[in-house]
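Here's a quick tour of a protein model for anyone just getting started. Have a look at the sequence and the fold first, then we'll walk through the main points together.

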Amino acid sequence: DIPGWMEFAFLVIDGFPCFEASAHMACLKGYMAHQSALIMRRRETIIGAAAFTYAAGSIDFFAIHPQYRRQGAAGVFLDYISNRVFDGREISITTFREGDRADVGQRAQYKRLGFQESELLTEFGYPTQRLVLRPGKERAPNA
C-alpha cells in the first residue's frame, strides 16, 4: 500500500506545509510495522488515510481525498478510528494555528468534527496547535 499512500499524500499535501516525501515514507513504514496506519477506500480509490500513536492517543496524519471532503468521509473515518482504534478515548491532533494563511480549511474541518482547541506548539519548525476530541463530542452534519 505504500505507493498508493504516497500518491495520496501528494494529493492532500495542502494540509501539510512541511511535507517531505522521504521522511514521510520512513515514518509511514514505522507506523505500518506497528499496525498504526489505516486507509479508507472506495473501490480502488483511497479516500482517507490516517497514522496514529495509540499510547499517546494522537492522530499524527489524517487526510481525506479532496473530492470526498464535503461528503462526510472525514466524520465516518474519524468515527471508525475513535471507536475501533481508540475505544472511545480522548484523541488529539495538531493543525494550523488560527489565522495561518497556509490553512485551506483543515482547522475548521477538525473543529466541525468536534475537536477543541488546546495548547500552541511548534512542530518541524512550524507553528501549530493541538486540538482534542473528547469522548461523546457531537459533530456537525456531513463533517
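In which strand does Phe 52 lie? Phe 52 sits in strand β2, which covers residues 45-53. Before we zoom in on that strand, keep in mind that this is a predicted model. We'll start with the whole chain and then work through the strands and a handful of residues.

**The whole chain**

- The protein chain has four helices and six strands. Starting at the N terminus, their order is α-α-β-β-β-α-β-α-β-β.
- For 143 residues, a compact globule would be expected to have a radius of gyration near 15 Å, and the protein chain agrees with that because its own value is 14 Å.
- Taken along the principal axes, the box filled by the C-alpha atoms is roughly 35 × 30 × 30 Å.
- Of the chain's 143 residues, 41% count as buried. The accessible surface comes to about 8,200 Å², and 51% of that belongs to carbon and sulfur atoms.
- Take the contacts between residues at least 6 apart in sequence: 55% of them join residues at least 24 apart.
- On the charge side, there are 17 positive and 16 negative side chains, and the centres of these two sets lie 4 Å apart.

**Strand β2 and its partners**

- β2 is largely enclosed by the rest of the structure, because seven of its nine residues are buried.
- On one side, β2 pairs with β1 in the antiparallel sense, over six bridges. One of the matched pairs is Ala 37 with Ala 51 of β2.
- β2 also pairs with strand β3 (residues 58-64), again antiparallel and over six bridges. Here Thr 53 stands opposite Ser 58 of β3.
- Back to Phe 52: is it buried or exposed? Phe 52 counts as buried because its relative accessible area is 6%, and the cut-off for buried is under 20%.
- Setting aside residues up to four places away in sequence, Phe 52 touches a good list of others, including Tyr 31, Gln 35, Leu 38, Ile 59 and Phe 86.
- Phe 52 and Gly 4 are 48 residues apart in sequence, and their C-alpha atoms are 18 Å apart in space.

**Turns and positive phi angles**

- Some background first: most residues other than glycine have a negative phi.
- Arg 43 isn't a glycine, yet it has a positive phi of about 55°. You'll find Arg 43 in the loop between β1 and β2, a hairpin with two residues between the strands.
- Arg 43 counts as exposed because its relative accessible area is 69%, where exposed means over 50%.
- Gln 35 also has a positive phi of about 55° without being a glycine. Gln 35 belongs to the loop between α2 (21-33) and β1 (37-42), and it counts as exposed at 70% relative accessibility.
- The hairpin of β2 and β3 has four residues between the strands, and there Gly 57 takes a positive phi near 70°.

**Strand β4 and its surroundings**

- β4 (residues 91-96) is mostly covered, with five of its six residues buried.
- Which strand is joined to β4 by six bridges? That's strand β6 (residues 126-133), and the two run antiparallel. Within this pairing, Phe 96 has Thr 128 of β6 as its bridge partner.
- Thr 95 is part of β4 and is buried, with a relative accessible area of 5%. Beyond its neighbours within four places in sequence, Thr 95 is in contact with Gln 106, Arg 107, Tyr 110, Thr 128, Gln 129 and Leu 131.

**Leading up to β4**

- Ser 82 belongs to helix α3 (residues 73-85). Ser 82 is buried, at 11% relative accessible area.
- Apart from its neighbours within four places in sequence, Ser 82 is in contact with Asp 87, Gly 88 and Ile 91.
- Glu 90 sits in the loop between α3 and β4. With a relative accessible area of 36%, Glu 90 is partly exposed.
- Not counting residues up to four places away in sequence, Glu 90 touches Gly 57, Arg 130, Val 132, Leu 133, Arg 134 and Pro 135.
- Glu 90 and Phe 115 are 25 residues apart along the chain, with 10.0 Å separating their C-alpha atoms.

Methods
Residues numbered from 1 in each chain as written. Predicted model: local features only at pLDDT ≥ 70, side-chain atom pairs only at ≥ 80, totals over all residues. Heavy atoms only, no water. Rg over C-alpha atoms; globule rule 2.2 N^0.38 Å. Buried < 20%, exposed > 50% of the residue type's maximum accessible area, 1.4 Å probe, protein only. Contact = heavy atoms within 4.5 Å. Areas by Shrake-Rupley, 256 points an atom, 1.4 Å probe, with all protein chains shown as cover. Lys, Arg positive; Asp, Glu negative; His and termini not counted. Charge placed at Lys NZ, Arg CZ, Asp CG, Glu CD. Pairing = 2+ DSSP bridges.
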